[in-house]
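Got the viewer open and the sequence panel at hand? Let's walk through a few selections, one stop at a time.

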Amino acid sequence: MKITYIGHSGFLVELENHYLLFDYFEGDLPVLDSNKKLLIFSSHNHHDHYNPKIWKLNHSTDNTIYILSFDIPLIDTQMKNVYQMKPYENLSLDDGKIVIHTFKSTDEGVAFLVEISGKVIYHAGDLNMWKWEEESDKYNKAMEDNYLKELELIQKYRIDIAFLPLDPRQERYAYDGIKSFVEKVNSKMIFPMHFWKDYSVIEKFKTDTQISIMNIEYEGQEYTF
């Protein structure tokens with residue numbers, strides 16, 4: 001398995017017969033093997049998670065499948081291999097060899113959990129504990145409760161790879177989402193995302209919390225497992 005950090009919340013996961021492209025909106029993609037199926041995931045309609053250019057990626061049409069949040073408009077309603085998913089839905093592809101589950105974001109759209117090739121891969125989208133300094137205690141408590149409610153649904157899965165927000169704009173609350181995820185969910189490996197090119201927040205998180213997450217230093221960085 002190879003994982004490439006494209007930028008912001010965008011990742012490309014390469015497996016033996018498939019690519020999984022999550023929340024691609026900018027950055028350079030590596031050259032893709034046209035014989036492999038490309039599954040394109042967009043978690044919601046925010047500009048930093050979805051770009052209409054995904055419809056024009058240079059990959060075999062027959063080997064490209066779109067799995068989109070329900071709030072993303074379709075460019076062509078007659079297109080094949082396009083699926084829109086609401087929270088708490090399940091989608092089975094390739095005769096059950098691929099199963100996709102969705103969860104409700106605490107912001108917009110959905111989070112994706114993908115069971116494929118013996119692996120379980122989770123991409124949070126904007127499902128995070130979005131607590132803010134400027135918000136009221138009531139708001140932040142409701143946010144925390146809603147996030148933990150989703151983790152209770154996710155925790156039954158043993159996750160191999162988790163892509164989770166680590167947003168420095170949240171200041172003292174920036175770590176809370178990943179910390180709660182680690183406490184509740186069994187995940188072998190965590191990739192931070194949504195850090196707005198502020199790579200320093202990753203090392204600071206690792207120093208301050210002692211939680212093991214993958215280090216990302218630049219766009220296009222590759223990891224092979």
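Start by selecting Lys-131, which sits in the loop between strand S10 (119-123) and helix H1 (137-154). Helices (H or I, at least four residues) and strands (E, at least two) are DSSP runs here, numbered from the N terminus. A quick word on what you're looking at: this is a predicted model, where local features need pLDDT of at least 70 and side-chain atom pairs count only at pLDDT 80 or more, while totals for chains, interfaces and linings use all residues. Residues are numbered from 1 along each chain as its sequence is written, and side-chain values use heavy atoms, with hydrogens and water left out.

Is Lys-131 buried or exposed? Lys-131 counts as buried because its relative accessibility is 10%; buried means under 20% relative accessible area, exposed over 50%, and partly exposed in between (1.4 Å probe, protein chains only). Now show what surrounds Lys-131: leaving aside neighbours within four places in sequence, the contacts (heavy atoms within 4.5 Å) are Asn-140, Met-143, Glu-144, Gln-170, Tyr-173 and Asp-176.

Next, hop to Tyr-88, in the loop between strand S6 (82-85) and strand S7 (90-93). At 42% relative accessibility, Tyr-88 is partly exposed. Not counting residues up to four places away in sequence, Tyr-88 touches Thr-102, Phe-103, Lys-104, Glu-150 and Leu-153. Try a distance too: from Tyr-88 to Glu-26, C-alpha to C-alpha, you get 28 Å, for 62 residues of sequence separation.

Now for the rings. How many aromatic pairs does a search of the whole structure find? The search gives 16, where rings of Phe, Tyr and Trp (its six-membered ring) pair if their centres lie within 6.5 Å; planes under 30 degrees apart count as stacked, over 60 as edge-to-face and the rest as tilted. Select Tyr-5 and Phe-11 for a tilted pair, 5.2 Å centre to centre with 55 degrees between the planes. Tyr-5 is buried at 1% relative accessibility, and Phe-11 is buried at 0%.

Then pick Phe-41 and Phe-112, an edge-to-face pair at 5.1 Å centre to centre and 65 degrees between the planes. Phe-41 is in strand S4 (residues 37-42) and Phe-112 in strand S9 (residues 110-116), so this pair ties together parts that are 71 residues apart in sequence. Both Phe-41 and Phe-112 are buried. Widen the selection and you'll see a cluster linked by ring pairs; its members include Tyr-5, Phe-11, Phe-41, Phe-112 and Phe-163.

Last stop: Lys-36, which lies over the face of Tyr-19, 5.4 Å from the ring centre. The criterion there is NZ of Lys or CZ of Arg within 6 Å of the ring centre and within 35 degrees of the ring normal.
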